[in-house]
Amino acid sequence: MSSNLPDARIDAAARAWGAALRRIAVAEPCIRQEAGANETYMVVTGSPTYSLNGVYAFDRTPDAAQIERLAARAADAARSFPGTLPWSVQVRSDPDDRVRDVALRHGLTKQSQEPFMVRDLTSAPPVLGDAGAMTVRAISGAEQDLYVRALADGFGVPKELFAPLFTPPVLDAAPDVTAYVGEVQGEVVSTAMTVLTEGHVGIFNISTSPDHRRCGYGGRITEEAVARGHAAGASTAYLRSSDMGLPVYASLGFTVAEHWTYFTD
């Protein structure tokens with residue numbers, strides 16, 4: 001299931017993920033962000049989950065000095081939000097001891113990995129199958145509460161994790177940012193989001209409500225999101241997958257290009 005795309009295509013997809021993160025950050029005024037050298041960025045969204053706050057290094061060889069500088073900035077930004085805001089350092093592949101030492105100095109002692117998956121849409125274009133009873137539509141910022149509640153239900157977490165990030169300005173950041181819901185008889189059963197940057201479509205927020213799993217809705221809304229990105233000019237799709245989602249995305253033609261490493265407290 002490993003990707004056969006050349007390193008240059010994988011690098012471009014990783015940079016597109018970084019561009020997508022910054023595009024969302026620009027859309028929401030409350031999000032704190034700062035760019036460093038060598039494709040290193042700080043983004044603190046205010047969402048109370050470590051994966052959506054911290055330092056992100058998109059170069060194959062992470063710059064430990066830049067991560068150190070922005071980690072200090074991320075810690076300060078996290079303290080500016082109410083309560084205790086968790087944050088992380090995220091880098092491509094397996095980092096060296098210098099990056100680990102930076103994380104340790106900031107109390108980020110836990111290390112985990114997550115697969116980064118890609119799909120070449122020129123050789124494997126999307127093919128929409130039978131959606132059954134589900135219809136997919138794009139939504140606007142006026143439906144933020146609907147979207148956030150459905151997303152939280154699908155992931156089994158409080159809606160407060162998503163509300164600071166998926167705000168009306170973000171949901172209205174079309175045409176490059178689009179949120180989708182899948183509905184069955186007027187009930188939202190699945191969610192998705194796409195971000196279009198530089199010929200790439202990033203696939204985010206794939207979720208299905210617990211009462212409607214094993215009906216194919218997650219795969220179907222993913223393929224719909226990919227198809228709409230392809231129609232808008234994307235030649236590559238990418239996503240970051242949980243272990244549970246890996247078989248579903250593999251069945252849709254995504255392959256593992258590399259792994260990202262998280263440092264958390």
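In this predicted model, W17 and Y56 are both buried. W17 belongs to helix α1 (residues 7–27). Y56 belongs to strand β3 (residues 53–57). The two residues lie 39 residues apart, and their pair links distant parts of the chain. Their ring centres are 5.9 Å apart, and the planes meet at 45 degrees. The pair is tilted.

W17 and Y56 do not stand alone. Ring pairs join them with Y41, F58 and W260 into a cluster. Two arginines sit over rings of this group. The charged end of R22 lies over the ring of Y41, 4.0 Å from the ring centre. The charged end of R240 lies over the ring of W17, at 4.5 Å from the ring centre.

A further pair is formed by F162 and F166. A pair of aromatic rings is described by the distance of the centres and the angle of the planes. For F162 and F166, the centres are 6.2 Å apart and the planes are at 35 degrees, so this pair is also tilted. F162 has a relative accessible area of 11%, under the 20% limit, and is therefore buried. F166 is buried as well, with a relative accessible area of 4%. The count of aromatic pairs comes to 12.

R240 also appears in the largest pocket. This pocket holds about 1400 Å³ of space. Its lining consists of 47 residues. Closest to the pocket centre are F155, N205, I206, R240 and S242. Several elements contribute at least two lining residues each: α1, β5 (110–120), α4 (144–155), β9 (200–208), α6 (217–231), β10 (236–240) and α7 (246–251). Strand β9 gives the largest share, with 6 residues.

Helix α3 (residues 97–105) has a buried side. Its buried residues are V99, V102 and A103. Seen down the axis of α3, these residues fall within an arc of 95 degrees, so they line one face of the helix. An α-helix has 3.6 residues a turn, so residues three or four places apart point the same way. The cover over the buried residues of α3 includes α2 (64–79), β4 (88–92) and β11 (255–264). The face turned away from the buried side carries exposed residues: D97, R98 and R105. Just after α3, G107 adopts a positive phi of about 80 degrees.

Notes
Residues numbered from 1 in each chain as written. Predicted model: local features only at pLDDT ≥ 70, side-chain atom pairs only at ≥ 80, totals over all residues. Heavy atoms only, no water. Buried < 20%, exposed > 50% of the residue type's maximum accessible area, 1.4 Å probe, protein only. Helix = DSSP H or I, 4+ residues; strand = E, 2+ residues; numbered from the N terminus. Arc of directions from axis to C-beta. Contact = heavy atoms within 4.5 Å. Phe/Tyr/Trp six-rings, centres within 6.5 Å; stacked < 30°, edge-to-face > 60°. Lys NZ or Arg CZ within 6 Å of the ring centre and 35° of its normal. 1 Å grid on protein atoms, 1.4 Å probe; cavity = no way out; pocket = protein on both sides within 12 Å on 5 of 7 lines; lining within 4 Å. Points joined across faces, edges and corners; volume = space filled by probe spheres on them.
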